[in-house]
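Grab a pencil and let's work through a few exercises together. Have a look at the structure first, then try each task before reading its solution.

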Amino acid sequence: LQGIFVLGLPYALLHSGYSGLFLIVLAAALCCYTGKILIACLYEENEDGQLIRVRDTYEDVANACCKKLSPKLGGIAVNVTQGMELIMTCVLYLVVSGNLLSHSFPYVSVTEKTWSVIAFVTLLPCVFIKTLKIVSKLSQLCSLVHFIIIFVVMTYCLTQIHQWSWAKFRLSLEFEDFLVSIGVIIFSYTSQIFLPTLEGNMKNPGEFRCMLNWTHFFACVLKTTFALTAFLTWGEETKEVITDNLPTFLQTLVNLCLLTKALLSYPLPFFAATEIVYACISRGNCSNYNSPLFARCVRCSFLLLTLLMAMFIPHFALLMGLTGSVTGAAMTFLLPSLFHLKLKWTKLSFLQKCADMSVFILGFLCSLAGIVCSIKGLLKVFG
């Protein structure tokens with residue numbers, strides 16, 4: 001919930017004004033809600049009225065919804081969507097790592113792509129990751145680095161408090177810029193892909209809803225505070241990545257912290273993607289697909305795929321925006337609300353049905369707007 005997207009929130013406020021503050025709170029509430037209803041789809045009541053976990057993954061939920069049409073159609077669609085988003089996320093971390101290294105060491109005559117290869121070498125141990133416990137330890141370190149970055153930026157902003165002015169907020173909005181802001185804010189909260197695995201690995205799954213409430217609440221408070229203080233400090237000069245506004249002596253420090261964060265963030269989507277691929281391939285009873293060597297080959301292949309994509313895909317940022325608009329909105333808003341309505345229709349109240357339908361419509365509109373903006377950007381690039 002506290003990814004690199006957070007660094008773009010002040011820029012989002014630049015283009016959304018006061019409405020951006022409302023959107024940060026609304027996005028937290030919606031993403032928390034869709035996380036809960038997605039997990040609710042994993043459970044069914046038994047004869048005694050007790051909730052039993054009968055499904056384990058996002059794929060299982062999709063298959064349950066589409067079983068009358070085709071037993072495996074829903075799972076295939078979800079796996080493809082998840083795979084696309086996770087692959088793009090991993091590639092983005094490699095691209096970002098190369099960019100940060102080139103900015104941190106401008107006096108070294110090495111291209112960004114070469115720096116990305118150097119960053120890739122540090123990620124080779126990911127081949128040996130077998131359990132979520134290892135990923136969680138790396139994620140803890142990632143969170144620590146993230147808070148250091150936030151602390152440095154906010155401390156500098158507080159030293160400039162004498163320059164703050166609420167007059168910097170826009171009252172009039174440009175529609176396309178506003179849509180970009182919506183995308184940045186919403187996708188800074190997305191975590192639905194990981195929730196079924198996370199809930200299944202909790203020592204006490206009964207605490208999941210409480211955990212989700214508190215994490216989204218604190219994420220919302222931190223995002224709002226960070227975005228507001230940074231925007232009030234730089235106003236119209238706010239850049240797309242707020243660390244670019246920092247003085248030179250702080251920029252290098254923060255860029256190296258961001259590099260560490262990007263490299264520590266890579267294992268989570270990498271682990272999730274390879275687990276999906278491995279599960280799909282080894283679904284049969286063939287023992288050749290269940291060997292540790294085969295699992296390692298899958299991980300090696302995935303690592304190389306992300307490197308090749310980082311090296312050779314042109315205009316990756318625009319393609320990432322297009323993919324995110326399709327897969328991000330689908331996994332975060334469209335599918336959870338649709339699956340919840342399908343599986344729990346007879347047990348939902350009228351208000352719950354209206355809430356699910358509203359989330360679905362909102363997700364569809366956000367996805368459509370994001371696709372249009374991304375395609376327009378690609379058309380401009382290609383003339």
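**Exercise 1.** Which side chain meets Lys344 in a salt bridge?

Before we solve it: this is a predicted model, where local features need pLDDT of at least 70, side-chain atom pairs count only at pLDDT 80 or more, and totals for chains, interfaces and linings use all residues. Residues are numbered from 1 along each chain as its sequence is written, and side-chain values use heavy atoms, leaving out hydrogens and water.

*Solution.* Start with the rule: a salt bridge needs a side-chain nitrogen of Lys or Arg within 4 Å of a carboxyl oxygen of Asp or Glu. The partner is Glu44, at 3.8 Å from N to O. Next, place the two: Lys344 sits in helix α13 (residues 316-344) and Glu44 in strand β1 (residues 43-45), 300 residues apart. Helices (H or I, at least four residues) and strands (E, at least two) are DSSP runs, numbered from the N terminus. Finally, the structure has four salt bridges.

**Exercise 2.** Find the nonpolar patch on the surface that includes Ile361.

*Solution.* First, the recipe: patch residues have over 30% relative accessible area and no salt bridge, with like charges joined within 9 Å and nonpolar side chains (Val, Leu, Ile, Met, Phe, Trp, Tyr) within 5 Å. Areas come from the Shrake-Rupley method with a 1.4 Å probe, and for residues only the protein chains shown count as cover. Then collect the members: Leu338, Phe360, Ile361, Phe364, Leu365, Leu368 and Val372, together about 620 Å² of accessible area. Last, locate them: helix α14 (residues 350-381) gives the largest share, six residues.
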